[in-house]
Amino acid sequence: MWNYAPTAGHTPDADLTGYTVEARDGHIGKVDKHSSEVGSQYIVVDTGVWIFGKEILLPAATITLIDHEARTVSVARSKEQIKNAPEFDKDTHLGDPAYRDQISGHYGADGPGH
């Protein structure tokens, strides 16, 4: 859940900040922050006006494709699944194992290819 799939196109030195993020059914925002730390890889998406400026944490395993030329990240989740994710607060949730478990539970049942 917390590592990029080998087929996603992730490169450890790539800065994904500012990349557009696309769910299965449309645009959801831009990458605000990301982690390339093995075993703790994720992106934080600023959803802008879509869900009123909420930030969303997406584990790396939800990412199906990173297109560096187009500066786009595609995720294998619907907008509804992402909107219903446990609320993210960067000041309290980064590095919190309990929050990570919540996120894993929310996204884990519908991995890429399901």
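**Exercise 1. Locate Arg-71 and describe its backbone and its exposure.**

Solution. Arg-71 sits in the loop that runs between strand S5 (63–67) and strand S6 (72–75), where helices (H or I, at least four residues) and strands (E, at least two) are DSSP runs numbered from the N terminus. This is a predicted model, in which local features need pLDDT of at least 70 and side-chain atom pairs count only at pLDDT 80 or more, while totals for chains, interfaces and linings use all residues. Residues are numbered from 1 along each chain as its sequence is written, and side-chain values use heavy atoms, with hydrogens and water left out.

The next step is the backbone: the phi of Arg-71 is near 55 degrees, a positive value in a residue other than glycine. Most residues other than glycine have a negative phi. The last step is exposure: Arg-71 has a relative accessible area of 39% and is therefore partly exposed, given that buried means under 20% relative accessible area, exposed over 50%, and partly exposed in between (1.4 Å probe, protein chains only).

**Exercise 2. Trace the pairing from S1 through S2 and S3 to S4, naming bridge partners on the way.**

Solution. Begin with strand S1 (residues 20–23) and strand S2 (residues 26–35), which run antiparallel and are joined by four bridges; two strands pair if DSSP finds at least two bridges between them. The hairpin that joins S1 to S2 passes through two residues, and Thr-20 stands opposite Lys-30 in S2.

Continue from Lys-30 to strand S3, where its bridge partner is Asp-46. S2 and S3 (residues 42–46) pair in the antiparallel sense over five bridges, and they form a hairpin with six residues between them, with Gly-39 in the turn having a positive phi of about 85 degrees.

Finish with S3 and S4, which pair in the antiparallel sense over five bridges, and in which Tyr-42 stands opposite Pro-59 in S4.

**Exercise 3. Decide whether strand S4 is enclosed or open, and sort its side chains by direction.**

Solution. Five of the five residues of strand S4 (residues 55–59) are buried, so this strand is largely enclosed by the rest of the structure. In a regular strand the side chains alternate between the two faces of the sheet. In S4, Glu-55, Leu-57 and Pro-59 point one way, Ile-56 and Leu-58 point the other way, and all are buried.

**Exercise 4. Place Ala-85 in the fold and list its contacts.**

Solution. Ala-85 is found in the loop between helix H1 (79–83) and helix H2 (97–108), and with a relative accessible area of 6% it is buried. When residues up to four places away in sequence are not counted, Ala-85 touches Lys-54, His-106 and Tyr-107, a contact being heavy atoms within 4.5 Å. Ala-85 and Tyr-4, by comparison, are 81 residues apart in sequence and 19 Å apart in space, C-alpha to C-alpha.

**Exercise 5. Describe the protein as a whole.**

Solution. The protein has two helices and six strands, which follow the pattern β-β-β-β-β-β-α-α along the sequence. Its radius of gyration is 13 Å, which agrees with the value near 13 Å for a compact globule of 114 residues; the radius is taken over C-alpha atoms, and the globule rule is 2.2 Å times the number of residues to the power 0.38. The C-alpha atoms fill a box of roughly 35 × 30 × 30 Å, taken along the principal axes, and buried residues make up 44% of the 114 residues.
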